[in-house]
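Look over the sequence and the model below. This report walks through the fold, its cores, its pocket and a few single residues.

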Amino acid sequence: MQYVRILGRNIRDAFKGVFRNLSLSMASILCTTITLIVVAISIVLTYNVNNFTKLIEADMSIVVFLKKDATNDDINNVKNKINDIDGVSSCIYKSKADVLKEMMNADSALASILEGRTDENNPLSSTYIVKVKDLRKIDEIASKIEVYDEVEFVQYGKEAIRDLVNIFDAIRRGSIIIVVALILVTAFLISNTIKIAIIARRKEIEIMRLVGASNLNIKIPFIFEGLIIGLIGSIIPIFITLYGYASIYDKLNGQLFSPILKLVQPMPFIYYTSLVLLGVGALVGMIGSYRASKKYLKI
């Protein structure tokens, strides 16, 4: 029961400290809010970019065109060599008869031109459809395949894939840099808020020391003060995450520009993100407070 009373008193003192230095506390809360909004945007971007990458990896293929005179042994030999390449997730064979049938089904004009073709006069090539585990390795894998004697040539969206990978990586790196910079600024501002609170309560702290208060008892109210600032600063970002992302998802019909780029479904993603924001806000507030109390209380 005693610990509950002590905890209640520390929380009460922390709230008093927030309101005692209201203007500086509001600046810290505002900075925390801005930081967490950027953190929320970064989480949403990063998570969706990772989802886009997975979807593109699942959809993107290397089409391997075999030479027209390739024998069954050549076809099996190519398959074995492709499957041995590190980074290949699947390798599906399509005979030239299968390719012909697909083309005829896809286009009525082509169907009328290609109608009546047999294996003997089929102008198309047998192919392998190769899926990769990582888009960043698709150039390397395609380069290995195209030098095989049984292969005529390979085809894939080389430039488009490289551009997509570069854009996705730039978004990830930019998000991380901005978030880290803002978190450091926020922690510094909260630290300054606690510093002012410590200076304003110097006499009170000296009295507490004289009556035998432990170092921990003196520190805790200031740490709680930073915690409260962090939690208050997380309210608006959490609200924006919960309602903003769901609204954007509905307006865009769950996709960005193309059905290939599907957005992550709001549930339960927005709840996990909100918990992360709450945790980051609390942690940044407590770190800033602990840094200030350790430095300026000299205990």
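Helices here are DSSP runs of H or I with at least four residues, numbered from the N terminus. Lys 219 sits in one of them, helix α9, which covers residues 215-233. The model is a predicted one.

## The chain as a whole

The protein chain has 11 helices and 6 strands. It holds 299 residues, and 39% of them are buried. Its accessible surface is about 17100 Å². Carbon and sulfur atoms account for 63% of that surface.

How much of the contact total comes from residues 24 or more positions apart? Among contacts with a separation of 6 or more, such pairs make up 84%.

## The cores

In soluble globular proteins, nonpolar side chains tend to be buried together. In this model, the largest nonpolar core has 20 residues. Those with the most contacts inside it are Ile 62, Val 64, Ile 82, Tyr 128, Val 130, Ile 145 and Val 151. Six elements each supply at least two residues of this core: strands β1 (61-66), β2 (88-94), β3 (127-132) and β4 (151-155), with helices α3 (72-83) and α6 (138-146). The largest share, 4 residues, comes from α6.

Another core lies apart from this one. It has 14 residues, among them Phe 52, Leu 135, Tyr 245 and Val 264.

Now take one residue of the largest core. Ile 145 is found in helix α6. Is Ile 145 buried or exposed? Its relative accessible area is 0%, and buried means under 20%, so Ile 145 is buried. Leaving aside neighbours within four places in sequence, Ile 145 is in contact with Val 64, Ile 82, Ile 85, Val 130, Val 151 and Val 154. Lys 81 is 64 residues away from Ile 145 along the chain, yet their C-alpha atoms are separated by 8.3 Å.

Thr 127 belongs to strand β3. Thr 127 counts as buried, at 3% relative accessibility. Which residues does Thr 127 touch, not counting those up to four places away in sequence? They are Val 63, Val 64, Phe 65, Ile 92, Tyr 93, Lys 94 and Val 99.

## The largest pocket

The largest pocket has a volume of about 360 Å³. Three elements give two or more residues to its lining: α2 (22-59), α7 (158-200) and α10 (235-251). The lining has 18 residues in total. Ile 41, Val 44, Leu 45, Tyr 245 and Ile 248 lie nearest the centre of the pocket. Which element gives the largest share of the lining? That is α2, with 8 residues.

What kinds of residue line the largest pocket? The lining divides into 15 nonpolar and 3 polar residues, with no charged ones. Tyr 245 has been named twice: it is among the residues of the 14-residue core, and it is one of those nearest the centre of the pocket.

## Two residues of helix α2

Thr 35 lies in helix α2. Its relative accessible area is 4%, so Thr 35 is buried. Not counting residues up to four places away in sequence, Thr 35 touches Leu 182, Ile 183 and Thr 186.

Leu 30 is also placed in helix α2. Leu 30 is exposed, because its relative accessible area is 53% and exposed means over 50%. Leu 30 and Thr 186 are 156 residues apart in sequence. In space, they are 9.2 Å apart, C-alpha to C-alpha.

## Residues far apart in sequence

Back to Lys 219 in helix α9. Lys 219 counts as buried, at 13% relative accessibility. The table sets its partner in space beside two pairs from above.

| Pair | Apart in sequence | C-alpha to C-alpha |
|---|---|---|
| Lys 219 and Lys 294 | 75 residues | 8.0 Å |
| Ile 145 and Lys 81 | 64 residues | 8.3 Å |
| Leu 30 and Thr 186 | 156 residues | 9.2 Å |

## Two points in the backbone

Is the peptide bond from Met 267 to Pro 268 cis or trans? This bond is cis, with omega near 0°. Pro 268 is found in helix α11, residues 266-296.

Asn 253 lies in the loop between α10 and β5 (255-256). Its phi is near 55°, a positive value in a residue other than glycine. Asn 253 is exposed, with a relative accessible area of 66%.

Definitions and conventions
Residues numbered from 1 in each chain as written. Predicted model: local features only at pLDDT ≥ 70, side-chain atom pairs only at ≥ 80, totals over all residues. Heavy atoms only, no water. 1 Å grid on protein atoms, 1.4 Å probe; cavity = no way out; pocket = protein on both sides within 12 Å on 5 of 7 lines; lining within 4 Å. Points joined across faces, edges and corners; volume = space filled by probe spheres on them. Nonpolar A, V, L, I, M, F, W, Y, C, P; charged D, E, K, R; others polar. Buried < 20%, exposed > 50% of the residue type's maximum accessible area, 1.4 Å probe, protein only. Contact = heavy atoms within 4.5 Å. Areas by Shrake-Rupley, 256 points an atom, 1.4 Å probe, with all protein chains shown as cover. Core = buried A, V, L, I, M, F, W, Y, C linked by side-chain atoms within 4.5 Å.
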